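Thank you for making room for me this morning. I would like to walk you through one structure, slowly, and I will stop at a few questions along the way.

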Amino acid sequence: MQTTLHYSEALVRKAIKTFWWRKTGWSFFIPMLLLCGFLCYELWQGNYNWWVGVLGAVLALAFATAAVLYVVHFRGAITRFRRMQKPEALFEMGEEKFRLSSDVGTTELVWSTITEVWRFPEFWLLFFSPAQFSTIPIVDLPQEAQELLLAKVTACGAKVS
């Protein structure tokens, strides 16, 4: 089974933003903002102990890490997208493996390589590791292909959400 996937810069941007928000999200930012408030309170009270400095450094490092996570994935994805002369890829699914081909290259992997699938209304993210994934525009994937993909990855033990 094969289908042609069509990409746009808007889709790529949305996929990266969605990935980043799901990795960070409220569960990251609310505690960080509460700790920032606590840090500001301590500084306002004139507390300049070593642990206040450590807290400030840890908060700065946490926010920097979140920013770097976004920038690295965004730059990589946009660079790959902009190298494509035709913003499309051929997605072929077989019994043992699948293949993604575009004018910038081809990737052929066995189904067990996919560790997780995140499903969203406009696209699915197929994960190969916690931070490495491919974006599949769902509008281009027929229902039969969606069902086959899900059957293959769940049979291999991938998490689907």
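**Helix packing and salt bridges**

Let me begin with a crossing: helices H2 and H3 cross in a left-handed sense. Please keep in mind throughout that what you see is a predicted model. The axes of H2 and H3 come within 10 Å, and they cross at roughly 150°, which makes H2 roughly antiparallel to H3, since an angle over 145 degrees is counted that way. On the H2 side, the residues that make this contact include Phe28, Phe29, Met32 and Leu33, while on the H3 side they include Trp51, Val52, Leu55 and Gly56. If we sort the residues of the contact by class, we find 16 nonpolar, 1 polar and 1 charged.

Now let us turn to H1, and ask how H1 and H3 are oriented to each other, roughly parallel or roughly antiparallel? The axes of H1 and H3 come within 10 Å and cross at roughly 155°, and H1 and H3 are therefore roughly antiparallel to each other. The crossing of H1 and H3 is right-handed, whereas, as I said at the start, the crossing of H2 and H3 is left-handed. From H1, the residues in this contact include Glu9, Val12, Arg13 and Ile16, and they meet residues of H3 among which are Ala77, Ile78, Phe81 and Arg82. By class, the contact of H1 with H3 has 11 nonpolar, 1 polar and 5 charged residues.

H1 also packs against helix H2, which covers residues 25–44, and here the angle is about 55°, with the axes 5 Å apart. That angle makes H1 oblique to H2. Trp20, Trp21 and Lys23 of H1 make the contact with Gly25, Trp26 and Phe29 of H2, and these residues divide into 4 nonpolar, 1 polar and 1 charged.

Let me stay with one residue of H1 for a moment. Glu9 is found in helix H1, and, leaving out residues up to four places away in sequence, Glu9 touches Ile78, Phe81 and Arg82. What does Arg82 form with Glu9? Arg82 forms a salt bridge with Glu9, and the closest N and O atoms are 2.8 Å apart. This pair links distant parts of the chain, for Arg82 is in helix H3, residues 50–83, and Glu9 is in helix H1, residues 9–23, with their positions 73 residues apart in sequence. As a general reminder, side chains of opposite charge can pair when their charged atoms come close. With a relative accessible area of 25%, Glu9 is partly exposed, while Arg82, at 53%, counts as exposed because the cut-off for that word is over 50%. For a contrast in space, Glu9 and Phe128 are 119 residues apart in sequence, and their C-alpha atoms are 22 Å apart.

How many salt bridges does a search of the whole structure find? The search finds 8, and I will pick out two others. One joins the side chains of Lys152 and Glu95, at 3.0 Å from N to O. Lys152 lies in helix H4, residues 143–155, and Glu95 lies in the loop between strands S2 and S3, so this pair ties together parts that are 57 residues apart in sequence. Is Lys152 buried or exposed? Lys152 is buried, with a relative accessible area of 14%, whereas its partner Glu95 is exposed, at 61%.

The other salt bridge brings together the side chains of Glu108 and Arg99, at 2.4 Å from N to O. Glu108 is partly exposed, at 35% relative accessible area, and Arg99 is partly exposed as well, at 29%. These two residues belong to a network of salt bridges that links Glu92, Lys97, Arg99 and Glu108.

I will finish with Pro87, which lies in the loop between H3 and S2. Pro87 counts as partly exposed, at 37% relative accessibility. Which residues is Pro87 in contact with, if we leave aside its neighbours within four places in sequence? They are Leu5, His6, Tyr7 and Phe81. The C-alpha atoms of Pro87 and Ser8 are separated by 6.7 Å, although the two residues are 79 residues apart along the chain.

Terms used:
Residues numbered from 1 in each chain as written. Predicted model: local features only at pLDDT ≥ 70, side-chain atom pairs only at ≥ 80, totals over all residues. Heavy atoms only, no water. Salt bridge = Lys/Arg side-chain N within 4 Å of Asp/Glu carboxyl O. Helix = DSSP H or I, 4+ residues; strand = E, 2+ residues; numbered from the N terminus. Buried < 20%, exposed > 50% of the residue type's maximum accessible area, 1.4 Å probe, protein only. Axes fitted to C-alpha atoms, helices over the stretch in contact; angles between N-to-C directions. Parallel < 35°, antiparallel > 145°, perpendicular 65-115°, else oblique. Left-handed = near helix turned anticlockwise from the far one by under 90°. Contact = heavy atoms within 4.5 Å. Nonpolar A, V, L, I, M, F, W, Y, C, P; charged D, E, K, R; others polar.
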